[in-house]
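Hi,

Here is the structure I promised to pass on. Have a look at it first, and then read my notes below.

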Amino acid sequence: MPPAAPAGAGVRTSLSELIDLRHRVREVPLFSTPHRRSPLVGLHHSKLRGRGVDFDQVRVYQAGDDVRTIDWRVTARTQEPHTKLFHEERERPIYLLVEQSRRLFFGSGRAFKSVLAAETASLIGWAALLHNDRVGGLVFGNAEHHEIKPRRNKQSLLQLLDRLVRANRQLDADTPLEPDTFGLALRRAREVLRPGSLAVILCDERTLGDAAEQQLSLLARHVDLLLLPISDPLDHALPAAGLLRFAQGGARLELDTHDAALRQAYRQQGEARSARWQRLADRLRVPLMPLDTQRDPVEQLRDHLRVQQPGARP
């Protein structure tokens, strides 16, 4: 069997626990306020907000500006490209795509990956409501998914969190793992999201395959993305613990973790998965915030934001 997970706390989540996280959203400045600018705004020229609706001013076009905002009248009059600037949008859809599949029903740290995904989704949802954005999303995994249309009210977020808890409590080691649920969720997001939306992707790090990468690339053409792949330390390194036995359905596997070559190959696979996410984020020019099961999600998000501050060092 896989290595034992923490007993009790961290294996399952509850609606009350996800609701209580609203008290911690001010610790994580994901979105700008009139008195505080989020360090993620402008990151990689991809903003954690859509194009604003309130016109501000016109200035000379600069490299990296969205060509859709070019002011053609001023450009024709001055014979020099000019672009329109907008105030930060006060309300826009935040769409949380949250995986709750058997893949995430595991953890060797403070919480299972499935719990960490739910906690992080809750934090971002409450932060979005505080920022006056509309919140909705899609809970996907195994053989079904549940969608909540983005709305600017607490009830919509509570419906999403309730769906998260239900899906989380249905997970167990024998839950069947359906193929391509991530790709189906991304295709649905492409169908329902309008330009200017923010799609927050919370999934297992191992979920990224060729089809999903293609779907993310297509989605990034129309909406902003925030990528939060989730992993456990045991996804990246095997301890030298001797003979480990794994069971799944009728399949059995034994690994001799004293074999240094085996541990190295395993570690390289984990590094390759992380590198693939980084290459994707760099190519799409979107923020990447990997999460792991060892630490509190508030601390992890805060550390990621601190690194993104201008002049900060990783």
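Starting with the whole chain: among contacts between residues at least 6 apart in sequence, 74% join residues at least 24 apart. Keep in mind that this is a predicted model. The protein has 314 residues, and 47% of them count as buried. You'll find nine helices and ten strands in it.

I spent most of my time on helix α4, which covers residues 154-169. Its 16 residues reach 22 Å from the first C-alpha to the last, close to the 22 Å expected at 1.5 Å a residue. Just at its start, a side-chain oxygen of Asn153 comes to within 3.2 Å of the backbone nitrogen of Gln155.

Which residues of α4 are buried? They are Ser156, Leu157, Leu160, Leu161, Leu164, Val165, Ala167 and Asn168. If you are wondering about the spacing in that list, recall that an α-helix has 3.6 residues a turn, so residues three or four places apart point the same way. As for what the buried residues of α4 pack against, the partners are two helices, α1 (15-20) and α3 (113-130), plus the strands β3 (93-99), β4 (134-141) and β5 (144-151).

The pairing with α3 is worth a closer look. The axes of α3 and α4 are 11 Å apart, and the angle between the two helices is about 180°. Anything over 145 degrees counts as roughly antiparallel, so that is what α3 and α4 are to each other. On the α3 side, the contact involves Ser114, Val115, Ala118, Ala121, Ser122, Gly125, Trp126 and Leu129. Facing them from α4 are Lys154, Leu157, Leu158, Leu161, Leu164 and Asn168. Sorted by class, this contact of α3 with α4 has nine nonpolar, four polar and one charged residues.

One more residue to click on is Thr13, in the segment before α1. Is Thr13 buried or exposed? Its relative accessibility is 1%, so Thr13 counts as buried. Apart from neighbours within four places in sequence, Thr13 is in contact with Leu18, Val115, Ala118, Val165, Asn168 and Arg169. Of these, Val115 and Ala118 also appear on the α3 side of the helix pair, and Asn168 on the α4 side. Also, the C-alpha atoms of Thr13 and Ala111 are separated by 9.4 Å, with the two residues 98 apart along the chain.

Cheers

Key
Residues numbered from 1 in each chain as written. Predicted model: local features only at pLDDT ≥ 70, side-chain atom pairs only at ≥ 80, totals over all residues. Heavy atoms only, no water. Helix = DSSP H or I, 4+ residues; strand = E, 2+ residues; numbered from the N terminus. Expected span 1.5 Å × (residues − 1). Buried < 20%, exposed > 50% of the residue type's maximum accessible area, 1.4 Å probe, protein only. Contact = heavy atoms within 4.5 Å. Polar contact = N/O pair within 3.5 Å; in protein donor to acceptor, adjacent residues only side chain to side chain. Axes fitted to C-alpha atoms, helices over the stretch in contact; angles between N-to-C directions. Parallel < 35°, antiparallel > 145°, perpendicular 65-115°, else oblique. Nonpolar A, V, L, I, M, F, W, Y, C, P; charged D, E, K, R; others polar.
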